[in-house]
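Biologist: Hi! Could you walk me through this one? I'd like to hear about charged pairs first, then how the chains meet.

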Number of protein chains: 2
Amino acid sequence: MVQVTLLGSGATRPLPHRALAALWLQVGGRGLLFDCGEGTQVSAQRFGASLYKLDTLLLTHYHGDHLFGLPGLLQSMAALGRTEPVTVAGPPGLDGVLDAVLTLAGPLPFALCRHTFGDCRGSLALPSGAVVTAFPARHRVPCCSYLYTLPRAGRFDPDKAKALGIPVALWRSLQAGQPAGGFTPDQVLGPARRGLRLLYATDTEPTAELAELARGADLLCMDATYADDADAPKARLYGHATCAEAGALAAEAGVRRLWLTHYSAAVTDPEAGLAAARRQFPAAEAGFDGKTLTLTFDDSRKDTP
Amino acid sequence: MVQVTLLGSGATRPLPHRALAALWLQVGGRGLLFDCGEGTQVSAQRFGASLYKLDTLLLTHYHGDHLFGLPGLLQSMAALGRTEPVTVAGPPGLDGVLDAVLTLAGPLPFALCRHTFGDCRGSLALPSGAVVTAFPARHRVPCCSYLYTLPRAGRFDPDKAKALGIPVALWRSLQAGQPAGGFTPDQVLGPARRGLRLLYATDTEPTAELAELARGADLLCMDATYADDADAPKARLYGHATCAEAGALAAEAGVRRLWLTHYSAAVTDPEAGLAAARRQFPAAEAGFDGKTLTLTFDDSRKDTP
């Protein structure tokens, strides 16, 4: 299962009760952060996201509202005694950004592993066993959207294991997908089951690829910068989406849940565009700092693996 | 008069209700900021410090808890349409820091004027008419403490002005210290009166020079990182002060008011060290985010000009 917490739901400028872009995912003791706007470390404290657990930070792009919390986050992790490496990944330009961040934050007592998604494309296997796939957002600078997938092995068949004479001591490894004692998992596991799929797509306009990759996803956390449909031309100009457009994309993709996020600083009520989104996708939800959800494997769903 | 607002009273790591180092001073429409820890721009919104008015930022040093709010502050000022220049001053190392900040914040629509206090010493005249004097703090890196002085002209003597035949239309200029119509202010003004004096001294240990410059000051806003007297050795090690030491210095200098600030993240109650400070200086006050005070000229005081 995946614990999802929206740490910051704002764009451009933080407001007293709205931090800038950041989404936290936790699987067991492993933490993943999408974006790191100013105030992320305070939101993490406020909403119970333990920075001790952070092993991977995925930056969508390098606009300040997605990035300026990073020097402080790194320095606080250092102050808290961290020694394990942290992977930071993002679109091209990462090296220049991290060099400047480290000029400000100074030497750290842990390694920063860098991974650049060339052309905003690529995949990264995470320590939690999940996989993140980057694909291009449509924004005014190079920007990645991310598909997060937590796979789920097939069902273990004890009858097959007994028939093959596999000692019970080896079952746990095979169940976890590890070969053991000369046996392989595929001998005792059914077909891979549907895992969990989440998309983090901000800053971006709606795109066909986003709709395609979001098909049947458990959660789409999407750019909804503008509440008012009339701001669609502005959304085109700056590479964002309106709440209604986020809803339309969620409906087209048939996602289970949609969280609206990345509200313009002019949108002071997070529900300002909710009605517009719900006209397109009735299950749309307004994001807010601290909004949280536990995604669990769902055996009733037989659709996308 | 000077409006003083403590925007951030924390050290090292921000807490949910305590931002990092920042002190705001406002004189008329002119704003001055000492330090700019992460969260400063949110505190400014929360406590009514208008960033439109900021013309000068004085950094004590370049540790993250005094600096990491700067990229976001600059970008927000840009987003709010600022075009007037901003002066940023600090100890040696300023250029490297600002270059990194601008790498992250990108081009700005206003000029950043840089001023480095070589050897942590020097003076800067501010647009408000105040003067800031930098002097060395005792910290583990080069660090400035700052004496802020708002001067006050002598009393205008209308009898002298009449005797000299100065037209009434010129009185206002002379009163404001400007020569007019061939007359000079000293012809009609009494001796300079006591102005306002404030010291911002963090991060620092107590020093003799600080005590000397703080003599009779209206407000000393001072490093009080540790609440417990027993932490004095730690304060020596890291270049800070305990609350009791801040109190002792305030007593020695005979300041009017002492604000304790820059609390260690381990000090969750801002009043934890207040009793210790008050044993040294009974008027000591615990700083907290949003603490504010209006300093006014005081004709009853005849001491330091």
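Modeller: Happy to. Keep in mind that this is a predicted model. A good place to begin is chain A, where A:D95, A:D99 and A:R114 are linked in a network of salt bridges.

Biologist: How many salt bridges are there over all chains?

Modeller: The count comes to 22 over all chains.

Biologist: Nice. What does A:D218 pair with in a salt bridge?

Modeller: A:D218 meets A:R194, with an N to O distance of 3.3 Å. The two residues are 24 apart in the chain and link distant parts of it. A:R194 belongs to strand 10 (residues 193-201) of chain A, whereas A:D218 lies in the loop between helix 6 (208-213) and strand 11 (219-223).

Biologist: And is A:D218 buried or exposed?

Modeller: A:D218 counts as buried, because its relative accessibility is 1% and the cut-off for buried is under 20%. Its partner A:R194 is at 6%, so A:R194 counts as buried too.

Biologist: What about A:E205, which residue does that one bridge to?

Modeller: A:E205 goes to A:R236, and their closest N and O atoms are 2.8 Å apart. Here again the pair links distant parts of the chain, with the two positions 31 residues apart in numbering. A:E205 is in the loop between strand 10 and helix 6 of chain A, and A:R236 is in helix 7 (residues 232-238).

Biologist: How accessible are A:E205 and A:R236?

Modeller: A:E205 has 11% relative accessibility and counts as buried. A:R236 has a relative accessible area of 35%, so A:R236 is partly exposed.

Biologist: Got one from chain B as well?

Modeller: Sure. B:K291 forms a salt bridge with B:E285, and the closest N and O atoms are 2.7 Å apart. B:K291 is buried at 11% relative accessibility, while B:E285 is partly exposed at 24%.

Biologist: Switching topic: how many salt bridges run between chain A and chain B?

Modeller: The count between chain A and chain B is 0. Polar contacts are another matter: 8 residue pairs are in polar contact across the interface, both residues of each pair having pLDDT 80 or more.

Biologist: Which elements of chain A give two or more residues to the side that touches chain B?

Modeller: Those are helix 1 (40-46), helix 2 (70-79) and helix 3 (94-105) of chain A. Helix 3 gives the most, with 7 residues. By class, that side of chain A has 15 nonpolar, 13 polar and 4 charged residues.

Biologist: And how much area do the two chains bury between them?

Modeller: About 2400 Å², with 62% of it on carbon and sulfur atoms. Three residues, A:E38, A:F68 and A:L104, supply 29% of the area that chain A buries against chain B, more than any other three residues. The contact takes 32 residues from chain A and 32 residues from chain B.

Biologist: Last one: what turn lays chain A on chain B?

Modeller: A turn of 180 degrees with a shift of 0.0 Å along the axis does it, and the RMSD is 0.0 Å. That is the relation of a two-fold axis. In chain A, the C-alpha nearest the axis belongs to A:A100, at 2.4 Å from it. The same surface serves both copies, as 100% of the contact residues of chain A recur in chain B.

Biologist: Great, thanks for the tour!

Notes. Residues are numbered from 1 along each chain as its sequence is written. Chains are lettered from A and ligands numbered from 1 in the order in which they are written. This is a predicted model: local features need pLDDT of at least 70, side-chain atom pairs count only at pLDDT 80 or more; totals for chains, interfaces and linings use all residues. Side-chain values use heavy atoms; hydrogens and water are left out. Copies are superposed by least squares on the C-alpha atoms of residues with pLDDT of at least 70 in both. Contact means heavy atoms within 4.5 Å. Buried area is the accessible area (1.4 Å probe) that two parts lose on being put together, summed over both. A salt bridge is a side-chain nitrogen of Lys or Arg within 4 Å of a carboxyl oxygen of Asp or Glu. A polar contact is a pair of N or O atoms within 3.5 Å; within protein, one must be able to donate a hydrogen and the other to accept it, and residues adjacent in sequence count only if both atoms are side-chain atoms. Helices (H or I, at least four residues) and strands (E, at least two) are DSSP runs, numbered from the N terminus. Ala, Val, Leu, Ile, Met, Phe, Trp, Tyr, Cys and Pro count as nonpolar, Asp, Glu, Lys and Arg as charged, and the others, Gly among them, as polar. Buried means under 20% relative accessible area, exposed over 50%, partly exposed in between (1.4 Å probe, protein chains only).
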